[in-house]
Amino acid sequence: MRKICPVLALLVCMLPAHAQNLPKLDTNQNYVEELSRNAPVTDRMEVLRYVLQALPERVKVYPTENYYYFSFNSGGVRYAGNIRLDASDRDEGKLHFAYYIDYVGWKPELPGIYARLGREENVIVEKVEAFLYRVTFGGKSVLFELNDLSNVKPPEAALAPDEQFLGPVFDESGTRFFLVFNKKLKFFLYVLDETVPVHDQFSRAEFTDRILIGTRTGFAYYRDTQRERKILIGVFEANALANNYFDGPFDQLPDNFLKGDELRDAILEVAPELKGKIDRFGGNPDGSERYLIASYALYRDVKDLLPVHQCASGRRDRRRDYYECFVIDETETPPDVPGQKKVNPKGKGAPR
């Protein structure tokens, strides 16, 4: 029987079924031609208007701190930015908007433009239903569908007896994690969520098959010897410095799924001096700073991760608790997210 296609879908319909699922092809031609385009980058409201006009009527926000990332070219350089529906104030009709010249390795980071917007700026944020918000500005409305991971939980065997599951994390890299707090040792872990397909390929470290590196993301994991799971132990330093999609899950905490004060209580176990200074999300009252949970190393070479393996494989002091090997003593911190600085008075989310 001959297949009949609607006129508007003719080109897609003419493709074989398998071809319709193939990845999008990027070309240098498209890159070069995009360089000649310009956007009104000096006026934040005009940039917001441009972004909303360019979006379809409904979009999906995957990262769990509710950032919708975008980028564009203007004046021959690349800009990056985000629209954020922050869990702390979106129901009050607030929208967080930021953009900046994208980071390049040879040049110091330039200041970005950030604004917290609402009805005063004619930006309307309406809750349509749980995990669905309508943003209207400049004659355009866009529905932002937040990522509903309400039912996501780690397998029972994936948690140690002293560990508390705080919530699911969907990183902007497209990788899912479980945010876990070790109540005995008082530090955080990001455990890879393998209940869904992991969109990466892994290569083992030369010195051990316990350390696996994601080919696409550069994320480094340790295959736990105590239970079936992979613990994030490293993020490639160049990605962290570039503040790209592979800079680590420190900026994608499970805001929509936190139960009560569990995250704040865990942070106060690590940093009791913050009592009375942070909200349930770990942020200060005005939202400008937030406690940093980045309990992994920034590595330049896979060999930089060898001490974790040496400790975990028992080549160091055997009197230590095994999971102390994953308390990463890392002094470097990833770049801040525009509009919200992440700080940790004790370093990287782990006790010293």
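Guide: A patch here is made of residues that have over 30% relative accessible area and no salt bridge, with nonpolar side chains such as Val, Leu and Ile joined within 5 Å. The model under discussion is a predicted one.

Visitor: Which residues form a nonpolar patch on the surface, with about 180 Å² of accessible area together?
Guide: One member is found in strand 3, which covers residues 77-84; this residue, Val-77, counts as partly exposed because its relative accessibility is 32%, and patch residues need over 30%. The full nonpolar patch on the surface consists of Val-77, Ile-101 and Leu-110.

Visitor: Is Asn-122 buried or exposed?
Guide: Asn-122 is placed in the loop between strand 5 (113-117) and strand 6 (124-129), and its phi is near 65°, a positive value in a residue other than glycine. Because the relative accessible area of Asn-122 is 56% and the cut-off for this class is over 50%, Asn-122 is exposed.

Visitor: What is the relative accessible area of Phe-131?
Guide: Phe-131 sits in the loop between strand 6 and strand 7 (132-137), and its phi, near 70°, is a positive value in a residue other than glycine. Phe-131 is classed as buried, a term that means under 20%, because its relative accessible area is 18%.

Visitor: How many aromatic pairs does the structure hold, and what is the angle between the planes of Tyr-322 and Tyr-323?
Guide: The structure holds 23 aromatic pairs. Among them is the pair of Tyr-322 and Tyr-323, which is edge-to-face at 4.7 Å centre to centre, with the planes at an angle of 75°.

Visitor: With which residue does Tyr-323 form an aromatic pair that is tilted?
Guide: Tyr-323 counts as buried because its relative accessibility is 8%, and its partner in the tilted pair is buried as well. The two rings lie 6.0 Å apart, centre to centre, with 40° between the planes, and the partner is Phe-326.

Visitor: At what distance from the ring centre of Phe-281 does Arg-280 lie?
Guide: Arg-280 lies over the face of the Phe-281 ring. The distance of Arg-280 from that ring centre is 4.8 Å.

Visitor: Which residues does the disulfide join?
Guide: The structure holds one disulfide, with an S to S distance of 1.9 Å. Its torsion about the S-S bond is about -70°, so the disulfide is left-handed. The pair links distant parts of the chain, 14 residues apart, with one cysteine in helix 6 (residues 306-312) and the other in the loop between helix 6 and strand 18 (341-343). The cysteines are Cys-311, which is buried because its relative accessible area is 10%, and Cys-325.

Visitor: By what distance are the C-alpha atoms of Asn-243 and Val-104 separated?
Guide: Asn-243 lies in the loop between helix 4 (237-242) and helix 5 (262-270), and Asn-243 is buried because its relative accessible area is 12%. Although Asn-243 and Val-104 are 139 residues apart along the chain, their C-alpha atoms are separated by 9.6 Å.

Visitor: Where in the chain is Arg-229, whose pair with Glu-163 links distant parts?
Guide: The side chains of Glu-163 and Arg-229 meet in a salt bridge at 2.7 Å, N to O, and both residues are buried. Glu-163 is in strand 9 (residues 163-170), and 66 residues apart from Glu-163, Arg-229 lies in the loop between strand 14 (220-223) and strand 15 (230-236).

Visitor: With which residue does Arg-176 meet in a salt bridge?
Guide: Arg-176 is in strand 10 (residues 176-182), and its partner is in the loop between strand 11 (187-192) and strand 12 (202-205), 17 residues apart. Arg-176 is buried, and so is the partner. The distance is 2.9 Å, N to O, and the partner is Asp-193.

Visitor: Which residues do salt bridges that share partners join into one network?
Guide: A search of the whole structure finds 23 salt bridges, among them that of Asp-86 and Arg-84 at 3.1 Å, N to O. Both Asp-86 and Arg-84 are buried. The network joined by shared partners comprises Glu-65, Arg-84, Asp-86, Asp-255 and Arg-290.

How values were computed
Residues numbered from 1 in each chain as written. Predicted model: local features only at pLDDT ≥ 70, side-chain atom pairs only at ≥ 80, totals over all residues. Heavy atoms only, no water. Patch = residues over 30% accessible without salt bridge, like charges linked within 9 Å, V, L, I, M, F, W, Y side chains within 5 Å. Areas by Shrake-Rupley, 256 points an atom, 1.4 Å probe, with all protein chains shown as cover. Salt bridge = Lys/Arg side-chain N within 4 Å of Asp/Glu carboxyl O. Helix = DSSP H or I, 4+ residues; strand = E, 2+ residues; numbered from the N terminus. Buried < 20%, exposed > 50% of the residue type's maximum accessible area, 1.4 Å probe, protein only. Phe/Tyr/Trp six-rings, centres within 6.5 Å; stacked < 30°, edge-to-face > 60°. Lys NZ or Arg CZ within 6 Å of the ring centre and 35° of its normal. Disulfide = S-S within 2.5 Å.
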